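This report describes selected side-chain contacts, strand pairings and aromatic pairs in a predicted model. The sequence and the structure come first.

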Amino acid sequence: MNALLRPRSWAVLLLLCIACGGSDDDTRDDAGPGTPDGSGGPVDSGTREDGGTVSEPDGGSNAHPDSGTIAPDGGTNSADATVPGAITLPFPTLHHLTVEWAFTGDANANGVVSVRFRPTGTSPWRQALPLRRIPAGTNEGFSWGLRHSGSVFGLQPGTGYELELTLTDPEGGTTTRTATATTRGVPAPMAGAPIKAVTPATFTTVASSAQPGDILELAAGTYSAFDWSRSGTEGKPIVLRGTTGTVLTGPINLFNQSYVHFDRLTINGRVRFNGSKHFVLTRSTVNATTANNGDAVVTFLRAENAYIADNVVTGVTQWAESSLGVSGDNQGEGICVTGPGHVILNNRVTGFRDGISLMEDDAAVDQYSIDILNNDLIGNADDGVEADFCFHNCRIVGNRLTNNFIALSSQPSLGGPTYFVRNAIYNAVHVAFKLYRGSSGDVLLHNTVVKHGDGLGISAGRPVANLYTRNNLFLGGPGGSFNGYSSGNANGRVLYIPDLVTASANLDHDGFGTTSGNFTATWAGSALTGLSALRASTTEKNAVQVDLGAFAASVAYPAAPMTLYAAPDLRPRAGSAVENAGAPLPNINDGFSGAAPDLGAHEVGAPLPAYGPRP
């Protein structure tokens with residue numbers, strides 16, 4: 001969607017250091033801008049979609065417990081003391097839990113929340129990242145409240161968890177609360193489900209009488225476009241399952257439906273699931289066409305808890321200089337969602353304007369608790385992953401992005417946290433991270449970037465606030481211009497963030513390098529030369545200088561960005577500058593080998609993740 005600043009053309013660590021119908025005309029009817037929970041009211045309403053519970057250590061209820069907090073001097077609560085409010089755990093996904101704790105007070109901003117977790121009934125506790133302190137704010141027509149917010153990472157599907165949250169404020173308000181929540185299970189057909197044989201000739205008849213729990217097994221043949229109007233129920237989804245030779249011709253619409261699964265299908269054209277809940281698309285091939293704006297798998301209106309996994313999604317946009325950017329010859333959203341709880345996992349998405357995206361501006365509704373994990377994104381002419389207008393706790397983790405104009409976009413993050421963790425990026429032409437339009441609350445952990453031009457370049461033109469980075473690896477080189485967009489300075493700056501809000505910035509333990517032989521950086525209004533200057537003048541006290549020799553395999557500088565390079569192996573070399581150069585991050589790099597974590601997306605000697613569809 002956006003390359004820099006534009007509406008759609010088709011009309012979420014370490015402490016403080018740290019629906020709705022539609023039609024084929026693509027019109028959208030949503031609640032419009034409001035608060036980042038989509039309710040128009042406070043962020044923390046006290047509701048939890050997981051049925052989880054929150055309690056005081058003494059077994060009390062989740063009522064407001066701390067209005068009588070006593071300050072350390074024995075007086076009444078001062079403006080600097082924290083007054084805790086409601087805790088919510090909205091929309092658990094398969095692998096993560098979102099945690100939000102509202103509060104008032106803490107005017108001096110020194111309250112912190114530590115988090116421990118464990119599977120229910122087990123021991124011991126594990127430490128998670130501290131919650132991020134999110135100042136109240138407004139941007140682009142959206143508002144959000146003061147709160148601590150964050151995620152628990154890397155959980156098991158369909159599992160109950162206990163959480164212990166400890167709020168500590170030197171001026172008062174210290175308290176511990178516990179909560180429970182259950183992750184979603186991997187979607188599956190009903191055990192013992194009846195299987196109904198379907199052919200192109202019988203599809204309409206069988207589909208019209210489908211009942212919750214049914215599996216419709218589609219025989220080989222070509223099936224015409226259709227609107228699906230039957231819902232399953234929890235534990236009893238309706239499953240449309242293909243066999244060898246099953247081809248569906250789009251567009252296919254599922255409006256306001258629930259628990260409908262598409263599995264092992266070939267779909268030529270668009271799938272749209274506006275307003276639907278628990279829609280599933282797995283192990284399928286989706287080929288976009290020039291019809292319907294070149295889109296493939298989309299919901300333009302608020303949907304909930306979609307699971308889109310192990311698919312091959314291919315678009316019509318070519319990898320060429322003329323295709324790049326806002327006015328480029330490009331079209332199509334590969335996978336596009338709005339609403340909470342979506343999981344987009346292990347897909348290969350190639351040849352779109354945007355590979356995986358969220359909705360923007362007034363079309364963005366309740367965009368939180370969203371997982372974009374282990375996808376393989378190749379040759380997308382605007383953004384590989386566009387996490388724009390994430391309200392909080394969007395988790396872009398473990399993706400591989402090769403040959404994308406912009407790798408990862410957060411334009412903007414609406415307070416955050418918006419998490420970008422262990423993504424492997426090669427040949428991002430313009431920028432690797434697009435933190436534009438006043439983005440606030442972005443968290444960059446253990447990412448590897450090898451690109452043309454500036455290693456970490458963010459030419460936002462507006463403040464970049466509350467940016468937190470740790471253990472990333474940024475490598476660039478001499479820059480240039482492509483379809484009117486700069487990849488960076490001709491000398492290849494290692495870092496360029498002229499609009500960084502230094503009062504809220506916390507960047508450290510990152511690796512920087514350039515093939516140009518220079519080491520220059522722009523940190524807010526300061527121009528710096530050399531690693532020593534970067535360490536002395538910024539929060540990057542533990543930065544290291546790196547080069548392409550940091551990798552175990554031979555990795556070439558992407559000197560010709562319009563080449564469709566094969567994805568290189570970006571695992572680090574034993575003994576290189578990146579080994580043991582990172583900071584420990586609980587729940588992110590637990591189990592690292594050596595004296596400390598390694599920089600970048602991978603540990604020395606670790607196997608590569610499974611990018612794209614799993615066998």
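## Arg437 and Glu140

A salt bridge joins the side chains of Arg437 and Glu140, with an N to O distance of 3.0 Å. Arg437 belongs to the loop between β37 (424–434) and β38 (440–445), and Glu140 to the loop between β7 (137–139) and β8 (142–144), so the salt bridge ties together parts that are 297 residues apart in sequence.

The two ends are not equally covered. Arg437 has a relative accessibility of 7% and counts as buried because the cut-off is under 20%. Glu140, with a relative accessible area of 29%, is partly exposed. Both residues also take part in a network of salt bridges that links Glu140, Asp361, Arg437 and Arg462.

## Other salt bridges

The model has 21 salt bridges. One of them is formed by Lys196 and Asp214, whose closest N and O atoms are 2.7 Å apart. This pair links distant parts of the chain: Lys196 is in strand β12 (residues 195–198), Asp214 is in the loop between α1 (203–208) and β13 (215–218), and the two are 18 residues apart. Lys196 is partly exposed, at 27% relative accessibility, whereas Asp214 is buried, with a relative accessible area of 4%.

Glu304 and Arg302 form another salt bridge, and here the closest N and O atoms are 2.5 Å apart. In this pair the acidic residue is the buried one: Glu304 has 14% relative accessibility. Arg302 has a relative accessible area of 22%, which makes the residue partly exposed because buried requires a value under 20%.

## Surroundings of Thr82

Thr82 is located in strand β2 (residues 82–88). With a relative accessibility of 0%, Thr82 counts as buried.

What does the side chain of Thr82 join through a polar contact? The partner is the side chain of Asp169, at 2.6 Å. Asp169 is also among the residues that Thr82 touches when those up to four places away in sequence are not counted. The others in that list are Phe103, Thr104, Asp106, Gly111, Leu167, Gly172 and Gly173.

## Strand β19 and its partners

Strand β19 (residues 260–263) is covered on both faces. Val260 and Phe262 are buried on one side, and His261 and Asp263 are buried on the other.

Strand β19 pairs with strand β16 (residues 238–242) in the parallel sense, over four bridges. Within this pairing, Asp263 of β19 is the bridge partner of Arg241. Strand β19 also runs parallel to strand β22 (residues 280–282), to which three bridges join it. Here His261 stands opposite Val280 in β22. His261 and Asp263 are thus both buried residues of β19 with a bridge partner named for each: Val280 for His261 and Arg241 for Asp263.

## Aromatic pairs

The structure contains 15 aromatic pairs. In one of them, the ring centres of Phe91 and Tyr368 are 6.0 Å apart and the planes stand at 75 degrees, so the pair is edge-to-face. Phe91 lies in the loop between β2 and β3 (97–105) and Tyr368 in strand β31 (residues 368–373), so that distant parts of the chain, 277 residues apart, are linked. Phe91 and Tyr368 are both buried.

Phe153 and Tyr419 make another edge-to-face pair, because their planes are at 90 degrees; their ring centres are 5.0 Å apart. Phe153 is in the loop between β9 (147–152) and β10 (160–168) and Tyr419 is in strand β36 (residues 414–421), so this pair ties together parts that are 266 residues apart in sequence. Phe153 is buried at 4% relative accessibility, and Tyr419 is buried at 0%.

## Further ring contacts

Phe203, Tyr223, Phe226 and Trp228 form one aromatic cluster. Elsewhere, a ring meets a charge: the charged end of Arg493 sits over the ring of Tyr496, at 3.7 Å from the ring centre.

Conventions. Residues are numbered from 1 along each chain as its sequence is written. This is a predicted model: local features need pLDDT of at least 70, side-chain atom pairs count only at pLDDT 80 or more; totals for chains, interfaces and linings use all residues. Side-chain values use heavy atoms; hydrogens and water are left out. A salt bridge is a side-chain nitrogen of Lys or Arg within 4 Å of a carboxyl oxygen of Asp or Glu. Buried means under 20% relative accessible area, exposed over 50%, partly exposed in between (1.4 Å probe, protein chains only). A polar contact is a pair of N or O atoms within 3.5 Å; within protein, one must be able to donate a hydrogen and the other to accept it, and residues adjacent in sequence count only if both atoms are side-chain atoms. Contact means heavy atoms within 4.5 Å. Two strands pair if DSSP finds at least two bridges between them. Rings of Phe, Tyr and Trp (its six-membered ring) pair if their centres lie within 6.5 Å; planes under 30 degrees apart count as stacked, over 60 as edge-to-face and the rest as tilted. A charge sits over a ring if NZ of Lys or CZ of Arg is within 6 Å of the ring centre and within 35 degrees of the ring normal.
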